[in-house]
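Open the structure in a viewer and keep the sequence beside it. This tour names what to select at each stop and says what is there.

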Amino acid sequence: MAVETGDLETLTRVTGRVRQNIERVIEGKPDVVGTALVVLLAEGHLLIEDVPGVGKTMLAKALARSIEGSVKRIQFTPDLLPSDVTGVSVFNPDTRTFEFHPGVVFANVVVGDEINRASPKTQSALLECMEERQVTVDGNTVELESPFLVIATQNPIEMEGTYALPEAQRDRFMCRVSMGYPPLAAELAMLDSHTRRNPLDDLEPVTDAAELRKLVHIVGSVHVSDAVARYAVALTTATRTSPDLVLGASPRATLHLVRAAKAHAALQGRSFVLPDDVLDLAPLVLTHRLIPNVEASLSGRTPASILSGIVSRVPVPASSTSHG
């Protein structure tokens, strides 16, 4: 089904409102805000990795508050249990039956602070939720709400008392972004606006879950030509055969790359994906899934620099064939 021009106009109008709302709180980071919107529309999950105090949680909360839907926050700690995340069945002596008490994942937006501070067992409780959008407790499966977005944060510097995210967990995050320090002007503006009161208090929802479901449907109808699809597959396949990597991108990564490219195209007002959409998103979608080998690590080659070399070697299809 082709995307109607009116649908794309609705999408750009609504996402424009969400973007403006978030940028009232997160100043000077348009690329990071744009990536968060791509992930939201592509039904992915977002990992925000950076040092403390740069606005990771603020971005997650601003996005959550912009949507009139349910929002839950998890502060990951070493003593957090899987049942705290997914929920637990509790015996009711009056009815003599077990009743399911939902955990924090039963929300439209789940903000997971410092995800690498929880034990691997608790981290793994998120795996089924993120991939299949459902929770299984005591043999009973419960569907999660739609839309469902996990925004997790982690600090890559302070590693004491943390558990590195396993490959299976990282692979379920569509994109990883780094906030970085704000530009001088944005930091000065932040001092002015954030010292008087919390700017999050003034944020009002600008869309709701029902409208978001429609936008996600529009993104799903964006056209991907055979040439662009083959290009995405060529990129991820090249990571699997790279002599510098012990782990390349999975087929799930290819799927995430194409879905994110469709959302990126829709946000630009296009009903078709260009190779440039795939090219722009490849570092955000693929880098956190790649593991360099010992030789590459010792010589200072990072996943980002290895991916950059791979991208430069994979031929880009001509844009003219991308929407034929």
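Select glutamate 114 to begin; in this predicted model, its relative accessible area is 28%, so glutamate 114 is partly exposed. Look along the chain on either side of glutamate 114: the residue sits in the loop between β6 (109-113) and α5 (120-132). The backbone here has a positive phi of about 50°, although glutamate 114 is not a glycine. Now add arginine 117 to the selection. Arginine 117 and glutamate 114 form a salt bridge, and their closest N and O atoms are 3.1 Å apart.

**Arginine 133 and the cavity**

Follow the chain to arginine 133, in the loop between α5 and β7 (134-137). Arginine 133 also has a positive phi, about 55°, and is not a glycine. Is arginine 133 buried or exposed? With a relative accessible area of 19%, arginine 133 is buried, because the limit for that class is under 20%.

Keep arginine 133 selected and add Val39, Leu40, Glu43, Gly44, Pro147, Phe148 and Leu149; together with Arg133 these residues line the largest cavity. Its volume is about 50 Å³. The structure holds 1 cavity of 30 Å³ or more. Sorted by class, the lining has 5 nonpolar, 1 polar and 2 charged residues.

Zoom in on one of the lining residues, Pro147. Proline 147 is in the loop between β8 (140-143) and β9 (149-154). Select serine 146 as well and show the backbone: the peptide bond joining serine 146 and proline 147 is cis, with omega at about -5°.

**A hairpin**

Next, select residues 87-92, strand β4, and residues 97-102, strand β5. The two strands pair in the antiparallel sense, over 6 bridges. Which residue of β5 is the bridge partner of valine 90? The partner is glutamate 99. β4 and β5 form a hairpin with 4 residues between them. Click on arginine 96 in the turn, where phi is positive, at about 55°.

**An aromatic pair**

Show the side chains of phenylalanine 100 and phenylalanine 106. A search of the whole structure finds 2 aromatic pairs, and phenylalanine 100 with phenylalanine 106 is an edge-to-face one. The ring centres are 5.7 Å apart and the planes meet at 65°. Colour the two residues by accessibility to compare them. Phenylalanine 100 has 29% relative accessibility and so counts as partly exposed, whereas phenylalanine 106, at 13%, is buried.

**Salt bridges**

How many salt bridges does a search of the whole structure find? The search gives 10; two further examples follow.

Select helix α1, residues 5-23, and show arginine 19 and glutamate 23, which both lie in it. The two are 4 residues apart, about one turn of the helix. They form a salt bridge, with the closest N and O atoms 4.0 Å apart. Both ends are partly exposed: arginine 19 has 28% relative accessibility, and glutamate 23 has a relative accessible area of 29%.

Then move to arginine 252 and aspartate 171. Their salt bridge has its closest N and O atoms 2.6 Å apart. Arginine 252 belongs to helix α10 (residues 251-267) and aspartate 171 to the loop between α6 (167-170) and β10 (175-177), so this pair ties together parts that are 81 residues apart in sequence. Aspartate 171 is buried, at a relative accessible area of 11%. Add Glu131 and Arg289 to the selection: Glu131, Asp171, Arg252 and Arg289 are linked in a network of salt bridges.

**Two buried alanines**

Alanine 249 is in the loop between β12 (245-247) and α10. At 2% relative accessibility, alanine 249 counts as buried. Draw a distance from its C-alpha atom to that of alanine 118: the two residues are 131 apart along the chain, and the atoms are separated by 25 Å.

Finish at alanine 282, in helix α11 (residues 275-286). Alanine 282 is buried, with a relative accessible area of 0%. Its C-alpha atom and that of alanine 253 are separated by 9.6 Å, and the residues are 29 apart along the chain.

Methods:
Residues are numbered from 1 along each chain as its sequence is written. This is a predicted model: local features need pLDDT of at least 70, side-chain atom pairs count only at pLDDT 80 or more; totals for chains, interfaces and linings use all residues. Side-chain values use heavy atoms; hydrogens and water are left out. Two strands pair if DSSP finds at least two bridges between them. A salt bridge is a side-chain nitrogen of Lys or Arg within 4 Å of a carboxyl oxygen of Asp or Glu. Buried means under 20% relative accessible area, exposed over 50%, partly exposed in between (1.4 Å probe, protein chains only). On a 1 Å grid over the protein atoms alone, a cavity is a set of points where a 1.4 Å probe fits but cannot get out, and a pocket is an open set with protein on both sides within 12 Å along at least five of seven lines; lining residues have an atom within 4 Å of a point. Grid points are joined across faces, edges and corners, and a volume is the space filled by probe spheres set on the points. Ala, Val, Leu, Ile, Met, Phe, Trp, Tyr, Cys and Pro count as nonpolar, Asp, Glu, Lys and Arg as charged, and the others, Gly among them, as polar. Rings of Phe, Tyr and Trp (its six-membered ring) pair if their centres lie within 6.5 Å; planes under 30 degrees apart count as stacked, over 60 as edge-to-face and the rest as tilted.
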